[in-house]
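Hi,

Here's the structure I promised to pass on. Have a look at it first, and then read my notes underneath.

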Amino acid sequence: MFHILVVDDDKNTRLYLKAVLEADNYNVCTACNGREALELMDSEYIDLVVLDIMMPEMDGYEFTSLLRQSNNDLPILMVSARQLPADRHKGFLVGTDDYITKPIDETEMLLRIKALLRRARIVSERRIVIDDVLLDYDSMTVTRGNEVIELPQKEFLLLYKLLSYPGKIFTRIQLMDEIWGADSDTGWETVTVHIGRLRKRFEGWNEFKIESVRGLGYKAVRVSA
C-alpha cells in the first residue's frame with residue numbers, strides 16, 4: 001500500500017483529503033505545515049506528498065525547495081487556491097511534479113496521484129512492465145516470454161520515453177532534444193526513421209503500439225490493461 005503525506009494548515013482540508021485518499025486504498029498521514037512534514041518524514045516512509053502552498057512556519061514552496069536541494073526526488077503534488085500562472089510557474093521552478101487548484105476535483109486528483117506514483121516507480125526501478133513485456137533500462141532490452149530483443153541505444157530510449165507516458169503526445173522536436181540532445185546536428189527526420197524501425201521490430205505485438213498524431217507527433221498506447 002502506498003503511503004501519502006497530506007500537508008495543509010486547514011484541519012478540515014486535511015480531514016477531507018485523508019478521507020478521499022483512504023477511500024482509494026492509500027495509507028495517509030497528515031501535517032499542518034512544511035516543518036511538521038519534514039519532522040514526520042524522519043520517522044515515516046512516504047511515497048508521495050499532497051502539498052498546500054500557503055502555510056505558517058514553512059510554506060509549500062520552501063518545503064519543496066528544501067527537498068530538491070537535498071536531492072530528494074519524492075513526488076509532490078501541489079494543491080492550492082492560487083490559480084495565477086505565476087504561482088504555478090513558481091511551483092514548478094522550485095521542483096513540484098504537478099499542480100492542481102482548489103476547489104479540488106477528486107477524480108482528477110486521484111488520477112494525477114496514480115500517474116505520479118507510476119512514473120516514480122519507473123524511475124526508481126528503471127523498468128517498465130506491460131503484461132508479459134519487460135523494458136529493462138539497464139540492459140536496454142525488451143523481453144517477452146523467452147524472446148529478448150536488444151535495441152540500439154536511441155531506439156530503446158525513444159521507446160522507453162513513449163511508454164513511460166502512455167497516451168501523451170510528444171512532438172518530434174521534443175523527442176529529438178531529449179534523446180539526441182538540443183545541440184545535435186541531426187535533423188528531426190531521424191525521429192521518424194527510428195519510429196519506423198520500432199514499429200517494424202514490434203509489428204504484431206499486442207501489448208503496445210506507437211501511433212502518429214497528425215500534425216503533432218507520436219504517442220505510445222498500451223493496448224492491454
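Below is what I found, one part at a time.

Keep in mind that this is a predicted model.

Let's start with the sheet. It is open and has three strands, in the order β10-β12-β11, and the pairing is antiparallel. Strands β10 (170–171) and β11 (208–213) are at the edges, so each has a single partner strand and one side without a neighbour in the sheet. Helix α6 (residues 153–164) packs on this sheet and touches β10, β11 and β12, and its direction makes about 65° with that of β12. In case you haven't met it yet: strands of a sheet pair through backbone hydrogen bonds. Here, β10 and β12 (residues 217–222) are joined in the antiparallel sense over two bridges. If you want to find one of the partners, look for Thr171, whose bridge partner in β12 is Gly217.

Next, two helices. α7 (residues 172–180) packs against α8 (residues 189–201) at an angle of about 85°, and their axes are 9 Å apart. That angle makes α7 roughly perpendicular to α8. Which residues of α7 meet α8? They are Arg172, Leu175, Met176 and Trp180, and on the α8 side you'll see Thr190, Val191, Thr192 and His194. Sorted by class, this contact has four nonpolar, three polar and one charged residues.

Last, a loop. Ser43 sits between α2 (34–41) and β3 (48–51). Is Ser43 buried or exposed? Its relative accessible area is 60%, and anything over 50% counts as exposed, so Ser43 is exposed. Its C-alpha atom is 40 Å from that of Ile169, and the two residues are 126 apart along the chain.

Cheers

Definitions and conventions
Residues are numbered from 1 along each chain as its sequence is written. This is a predicted model: local features need pLDDT of at least 70, side-chain atom pairs count only at pLDDT 80 or more; totals for chains, interfaces and linings use all residues. Side-chain values use heavy atoms; hydrogens and water are left out. Two strands pair if DSSP finds at least two bridges between them. Helices (H or I, at least four residues) and strands (E, at least two) are DSSP runs, numbered from the N terminus. Contact means heavy atoms within 4.5 Å. Axes are lines fitted to C-alpha atoms, for helices over the stretch in contact, and angles run from 0 to 180 degrees between N-to-C directions. Buried means under 20% relative accessible area, exposed over 50%, partly exposed in between (1.4 Å probe, protein chains only). Angles under 35 degrees count as roughly parallel, over 145 as roughly antiparallel, 65 to 115 as roughly perpendicular and the rest as oblique. Ala, Val, Leu, Ile, Met, Phe, Trp, Tyr, Cys and Pro count as nonpolar, Asp, Glu, Lys and Arg as charged, and the others, Gly among them, as polar.
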